[in-house]
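Please open the model in a viewer and keep the selection panel at hand. The tour proceeds by selections, each followed by a description of what is found there.

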Amino acid sequence: MFKKILKEINKYNKIIILRHKNPDYDAYGSQLGLYYALKNAFPKKEIYVSGDENSNNLFEKKMDVLSSTDYLHSLVIVVDTSCKALMYDENYLLADMVCVLDHHENDPDVGDLVVIKSEYSSAAELVTEFLYENKIKITKESADCLYLGIVGDSNRFLYKGTTSNTFKMCELLIDAGADIINIYKIMQKDEKKEEKYFRGYILSSFKVNGRVAYNYVTKETRDKYHVSYSFSSRGCVGLLSNIEGVDAFINFTVADDNETVYVEFRSKEIPILNVAKKYDGGGHQLACGCRIKVGDDYLKIIKDVNEELDRYEHL
């Protein structure tokens with residue numbers, strides 16, 4: 001499949017690289033890492049990156065603003081998702097061909113050529129392997145992005161998806177010039193005092209239901225602390241990871257539209273992906289997410305997670 005995707009890259013003059021909305025380090029890292037490598041390898045091609053922006057973009061390259069007509073007669077490469085519900089918009093459907101490089105455990109509903117390796121730590125690990133296997137040079141800019149993506153999604157190599165292949169890919173990136181000292185430095189960027197206060201709010205207001213710890217953060221609360229829904233959601237869900245007697249933790253965050261609720265699930269050891277899928281979400285066995293509406297019974301999700309934890313232990 002890697003060779004088939006390379007064949008499409010060689011075929012098209014216009015290539016657009018996309019990823020999921022509300023991007024994390026891996027989404028940005030795999031997208032920009034692929035972008036810099038392809039720009040170097042194919043300097044005469046039109047290559048773009050597009051999608052919504054947030055503070056997780058730690059690199060200088062900003063997203064290209066594209067119209068629907070820009071997608072005509074193009075190749076789209078989607079990284080870090082294969083799920084239609086997580087795409088920023090539907091313009092990718094206007095492309096001639098859509099290729100996917102993903103590592104999530106979803107049934108894909110995006111893409112003509114799809115490569116999913118759910119055992120991989122990150123999409124960045126998969127993109128690194130794609131470039132290496134196809135003998136596409138990984139530039140320093142590309143290596144920096146890809147290394148950050150791997151570190152971000154593996155939680156500094158602590159998650160179970162970290163394997164010997166992960167470190168092999170990191171070796172390639174370091175040899176290509178990845179500045180790992182600077183990468184860790186920019187990942188540990190200073191936070192605003194409001195973000196520190198907000199972390200205190202999360203730690204002082206969480207609730208425990210059975211074996212699940214959770215927060216429900218309204219837009220009014222976020223506005224009070226001046227934090228984004230991205231920071232509140234993915235940025236703070238890990239704060240509840242080390243509570244005695246708790247096996248899973250969930251962060252419910254109301255988005256800027258005051259209608260959508262982003263739900264981030266995490267589990268210490270027991271898979272909970274089935275619960276996220278029940279609510280049209282997806283991700284990994286121990287780290288996944290979905291979206292619901294304001295007013296939906298979010299306590300039902302907590303009940304479902306508790307039941308999943310109990311069911312798994314009785315298998």
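**A buried charged pair**

Begin by selecting Asp52 and Arg19, both of which are buried; buried denotes under 20% relative accessible area, exposed over 50%, and partly exposed the range in between (1.4 Å probe, protein chains only). This is a predicted model, in which local features need pLDDT of at least 70 and side-chain atom pairs count only at pLDDT 80 or more, while totals for chains, interfaces and linings use all residues. Residues are numbered from 1 along each chain as its sequence is written, and side-chain values use heavy atoms, with hydrogens and water left out.

Display the side chains of this pair: Asp52 and Arg19 form a salt bridge at 2.9 Å, N to O. The term salt bridge requires a side-chain nitrogen of Lys or Arg within 4 Å of a carboxyl oxygen of Asp or Glu. Asp52 belongs to the loop between strand S2 (46-49) and strand S3 (75-79) and Arg19 to strand S1 (residues 14-19), so the salt bridge ties together parts that are 33 residues apart in sequence. Helices (H or I, at least four residues) and strands (E, at least two) are DSSP runs, numbered from the N terminus.

**Two salt bridges at helix H11**

Next, select Asp310 and Arg211, whose side chains meet in a salt bridge of 2.8 Å, N to O. This pair links distant parts of the chain, 99 residues apart: Asp310 is in helix H11 (residues 298-313), and Arg211 is in the loop between strand S6 (207-209) and strand S7 (212-217). Which of the classes, buried or exposed or partly exposed, applies to Arg211? Arg211 counts as buried, at 15% relative accessibility, whereas Asp310 is partly exposed, with a relative accessible area of 35%.

Remain on helix H11 and select Lys303 and Glu307, which lie four residues apart, about one turn of the helix. Their side chains form a salt bridge at 2.6 Å, N to O. Lys303 is partly exposed at 44% relative accessibility, and Glu307 is partly exposed at 41%.

For a wider view of charged contacts, select Asp24, Arg234, Glu264 and Arg266, which are linked in a network of salt bridges. The count of salt bridges comes to 18.

**The hairpin and the sheet**

Now select strands S6 and S7, which pair in the antiparallel sense over three bridges; strands count as paired if DSSP finds at least two bridges between them. Asn209 stands opposite Val212 in S7. Two residues lie between the strands of this hairpin, and Gly210 takes a positive phi near 65°.

Extend the selection to strand S8 (residues 248-254), which runs parallel to S7 and is joined to S7 by six bridges. Val212 stands opposite Ala248 in S8, and Phe252 in S8 is the bridge partner of Tyr216. Five of the six residues of S7 are buried.

Finally, display the whole open sheet: six strands in the order S6-S7-S8-S9-S11-S10, with mixed pairing. S6 and strand S10 (282-283) stand at the edges with a single partner strand each, so one side of each is left without a neighbour in the sheet. Add helix H7 (residues 193-205), which packs on the sheet and touches S6 and S7; contact means heavy atoms within 4.5 Å. The direction of H7 makes about 130° with that of S7, where axes are lines fitted to C-alpha atoms, for helices over the stretch in contact, and angles run from 0 to 180 degrees between N-to-C directions.
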